[in-house]
Structures are given as structure tokens and as C-alpha cells.
Amino acid sequence: MPNEVLELLNQLIETLKRNSVEVYISKDAERDVERLKSEDSFICNALSIAADTGIVFFGGFESRKNSALAEHHIAIIRRDAVCKNVIEAYNLAISKSNVIFATSTASKTGDIEGKLIWGMHGPKKFTVVLEISEELYGGIA
Amino acid sequence: MREEDIYKAIKNRSIRAGILRTWENLHNAVEQNIERYRFLKEYAKDVKMAKLEVFSDYDRWTEKAMKSIESRNKCSVYYAEDGKEARKIVAEIVGRDKIIVKAKSMVSEEIQLREFLQEIGNEVWETDLGELIVQLANEKPMHVLAPAIHYSERQAAELLRKVGVKGYTAAELAEGVRKFMRQKFLLADVGISGCNAFSAKTGRIFLVENEGNIRLSTTLPKDYIAIVSIDKILPSDELCLKLVILQAAFLGTFPPAYINVNEPVEGQRMHVIFLNNGRKQAPEFLKEQLTCIKCGRCQIECPIFQITGSLWGNVYGGPMGMGWSGILGEIGYECFLSSLCGKCKEVCPMEIDMPRIIRELRKMMVRGNNLGEV
């Protein structure tokens, strides 16, 4: 079982990095997130995340508003929120909150000459703090 | 479409350069997505099957979709047979002297909503960067999802100066628009969006994007209007999610930065307008076009579109635009511009046989029939 879990977590981390997401692995997310936060950041707990695509689901209308307005969106993700795929992640999210929304990276555009620019209208940076147990911590690649 | 527009397009090198640049950026990205995310083909089959099921009984599914959201608090639901009725409903909701922030929406292009709302005395802003550039140029989008691909950095800078945005590079211009538009988002009375997929089961509206303008347009204003063309109705949330994933993957920008799942909430009045505009009356040979998810891949890959852009067509340009023009009753001799090479069908995630549709449209033009007589 821990091997399967580690495989899933390592897949997730690889996916997040490919999506240009800043990733921190933590044994205590609440503590570690204090070091990342600033007056321009918004921190919220994720309802679920899909390991294959890195799509993160959040809940609540106020969170949707605040996360869209922030310069830096920080997501705390716990082990039990990690799902294999996006359908599984959606179903888990909707079982926890009526109002959901998803994010997979920072706001971006390629509308002028196809040049990739981060932070078009939403957050310029998206960070994931992935909280895992002591037991799994050592197995992260 | 006017004949002179085609000659204008052929002579305009920036259209060709912009589309080929976009092709270079996105073609391999789509191929990689298909290779990496093996579930995409299965999703496409599921979505196509579901769309065909909905089309087989549009009346029943539209009623079901309307009921799913009618029962919710803080939500008004309307049905519009055509663009004129939809504009009238929007005018009654909005009134005049309002600031309106609009998410990019092809259905609003279809009913010329921005122009109408401006005419009746409102300040209306396209909030997507490319769409804002097109608005300031007073032109139509060049691609269904990448509207300003034909403008150079220098041309974009000149157009954005009209609203006080300064800068020369794409990064400087994007930062300027971010600041300019943030004020509009915060002051806006009304937000308007289209809909990528509507769940008839739960009444949820799915919208996919990268910039964050849809999220801000549909979250900050006290009034939010969603225009849902009935071809966007799907039986469940799961199918809606599959559709938005397909749209982003086949455009080439996957995963999308944002998936919005909008529904009535405390603190906001939501207005949902279901729009037919020719879809129910579409002749049999055009029904397959209604499974189109508007990813725009057929446009980018089409050798004719690569020369003409959306000037080949009406609201919707390129191969997909022929079928959509037929549905909207706007088809003309532009259907004879296609080379019928079949690339559009080959790259379409829904495997829509656009060459067949174009051949049928040509037959009708030759016979001198209009679509209503089929």
C-alpha cells in the first residue's frame, strides 16, 4: 500500500512541476505555510487534486473570489485529497462542498504573438503545499 | 462574408504569420496531450454520444436543464428563441448606464451582444486580453479561442494605447491590461459569460479558461448573466467536465489554468438565458456539427484558414464555421472556398465529417435552395 501511495504522490509532484506549479512537501502544512504567506497571498485548503493532471479543486464562493484576486494563491493539500484522476477528484470535491472551482496553475495568456505571460488577470503565482506523513516523507523522489 | 474580405485576407501577411505561429505553438502540444492523456479519446466518444442523445430530443433536454436551475434561489431562468429575444432579455436585466465585464463568448458574438449593450448606453468591456484587442480594433475574432493571433506586439501596443495601456512588450502590455481591467472588475455592475457545458442534472455551468478573467467576471459583479446555447446541454456534471477537458486539450493548452463551475450563490443574482438560435431547426445533415466543442483545432490545421483566418466565414470561420453558418442560416458562397482535403475531419476530437457537411451545403447553394427548404 505505501508503495502505491508513494507512486501516486510522486506522479502528482511530477505533474505539478510540469504545470509550472511551485511545490513544497511538508510534514506540517499549517506551520510551513506561515513562511510563504504575505499580504498579497491567499491560502486555502484544497478539497481534492488529480494526480494525472494536477487539477486542484477548491470549495466556497468567498474562496473563489479571494483566490482570483490574490497575487499569490497557496493551496494546502493533504494526502487524503489526492485522487488518481480528474473525475475522481471532482466527485470527491463535490461531496465536500456545493460551490466548487478548479485551478491547475497561475493565471496565464499567450494572446500576444503566442508569448507566454504569467499573471494575466488572476494570481501570478500558484503554490502547492503537500502535507504527508513522516512515514511517506522519505519516499518522495 | 464579402468576396473582397477574402482578397484582403490573402494580401494581409500578418494573418498568415499569426496563424502559422499559433500552429507551431499548439500543434505539437495537442499531439503530446493525446499521447500523454490516453483518456481523451474515450472522453470524446462519451461526449459525442451524449450530445447526439441530447439533440435527439432538444425540447425535453432543454426543459430538464431549465428545471434543474429554476428551482434554485437567487436565479432567474429564461428561454430565447433567437438573438433578438436574447438581447431583449439581457436589456431588461441590465438596463443602461452600467459597467459590464464580459468573458469571451462566441454565442455573444453570434447575437452581437456587446455592440447592442453599448448602443443602449452601457460601458462594456471584453476582459480576455485577445478579445479586448479585437474590441479596440473593432474587428471580429480571428480564431474561436485565440482571437488576436493576427496582431503583432507592435499592433497590439498601438491598439491598447486607446485605453491608456502603455508598453511595448507582451509582458508590459499584459501587466497594463491587468491593472486597467482590475478596476473594471471591481466596479462592474454586471458580468456576462457564455457556457462551455451545462449540466442538465445539477444546473451547473462549466467554463474553462487560462487568464482568470472569466472567474473574475462571473464572481465579482452582483449580477451575473450566463448565456447557454442549447447545444451546450449535457446530461451530467461528469460529461461537462469531460467536455471542458477536451476543449483545452485539443486547443493545446492543457491542463487549463481554471475550470469554473458556476451556479447560484448567496450574494449574487444569477440570470441564465437558454438560446436556440437555429439549433433545433438544423437540417439532418448539419446535426453532427452540433457536437462541435469549439476547440478551434480544425481552424488552425486547415490550409485555407491558414491563409484567410476567420475572414473565411461569418461569426464562426474556417471549416467548423461552414457548418455553424448553416445552422445559423447565414451560409453563402464561402462554402466553395474549402479544398475538401479532409484535414479538419482528421484532427477533430468529435470526428465531425466537415467535408461532407460542406459538400451538402454546396449542393444546396447550386440548387438555389435555402436551408429552410431542405
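Student: Which helix of chain A holds both Arg18(A) and Glu14(A)?

Tutor: Both lie in helix H1 (residues 2-18) of chain A, four residues apart, about one turn of the helix. Helices here are DSSP runs of H or I with at least four residues, strands are E runs of at least two, and both are numbered from the N terminus. An α-helix has 3.6 residues a turn, so residues three or four places apart point the same way. The model is a predicted one, in which local features need pLDDT of at least 70 and side-chain atom pairs pLDDT 80 or more, while totals for chains, interfaces and linings use all residues. Residues are numbered from 1 along each chain as its sequence is written, chains are lettered from A and ligands numbered from 1 in the order in which they are written, and side-chain values use heavy atoms, with hydrogens and water left out.

Student: What makes Arg18(A) and Glu14(A) a salt bridge?

Tutor: The closest N and O atoms of the pair are 3.9 Å apart. A salt bridge needs a side-chain nitrogen of Lys or Arg within 4 Å of a carboxyl oxygen of Asp or Glu, so the pair qualifies. Over all chains, the whole structure has 41 salt bridges.

Student: Why is Glu14(A) called exposed, and what is Arg18(A) called?

Tutor: Exposed means over 50% relative accessible area, buried under 20%, and partly exposed in between (1.4 Å probe, protein chains only). Glu14(A), at 53%, therefore counts as exposed. Arg18(A), at 35%, is partly exposed.

Student: What does the salt bridge between Lys27(A) and Glu134(A) tie together?

Tutor: The two side chains meet at 3.5 Å, N to O. Lys27(A) sits in the loop between strand E1 (22-26) and helix H2 (29-36) of chain A and Glu134(A) in helix H5 (residues 134-137), so the pair ties together parts 107 residues apart in sequence. Lys27(A) is partly exposed at 40%, and Glu134(A) is exposed at 58%.

Student: How many salt bridges cross the interface of chain B and chain A?

Tutor: The rule finds three. In one of the salt bridges, the side chains of Glu153(B) and Lys115(A) meet at 2.9 Å, N to O.

Student: Why is Glu153(B) classed as it is, buried or exposed?

Tutor: Its relative accessible area is 16%, so Glu153(B) is buried. The residue belongs to helix H9 of chain B. Leaving aside residues up to four places away in sequence, Glu153(B) touches Ile112(A), Glu113(A), Lys115(A), Tyr168(B), Thr169(B), Ala170(B) and Leu173(B), where contact means heavy atoms within 4.5 Å. The Glu153(B) side chain also reaches the backbone nitrogen of Ala170(B) at 2.8 Å.

Student: How many residues make the contact between the chains, and what area is buried?

Tutor: Chain B gives 55 residues and chain A gives 42. About 4100 Å² is buried, 58% of it from carbon and sulfur atoms. Buried area is the accessible area (1.4 Å probe) that two parts lose on being put together, summed over both.

Student: Which elements of chain B touch chain A, and how many residue pairs are in polar contact?

Tutor: There are 24 such pairs, both residues at pLDDT 80 or more. Among the elements giving two or more residues are helix H8 (129-137), helix H10 (170-187) and strand E9 (258-262) of chain B. The largest share, 11 residues, comes from H10(B). A polar contact is a pair of N or O atoms within 3.5 Å; within protein, one must be able to donate a hydrogen and the other to accept it, and residues adjacent in sequence count only if both atoms are side-chain atoms.

Student: How do you know that strand E7 of chain A and E9(B) pair?

Tutor: Two strands pair if DSSP finds at least two bridges between them. Strand E7 (residues 100-103) of chain A and E9(B) have three, in the antiparallel sense. Phe101(A) has Asn260(B) as its bridge partner in E9(B).

Student: What makes H8(B) mostly covered, and which residue caps its N-terminal end?

Tutor: Eight of the nine residues of H8(B) are buried. Leu129(B) and Ile133(B) are among them. The cap is Asp128(B), with a side-chain oxygen 3.1 Å from the backbone nitrogen of Gly130(B). Just after H8(B), Asn138(B) has a positive phi of about 55 degrees.
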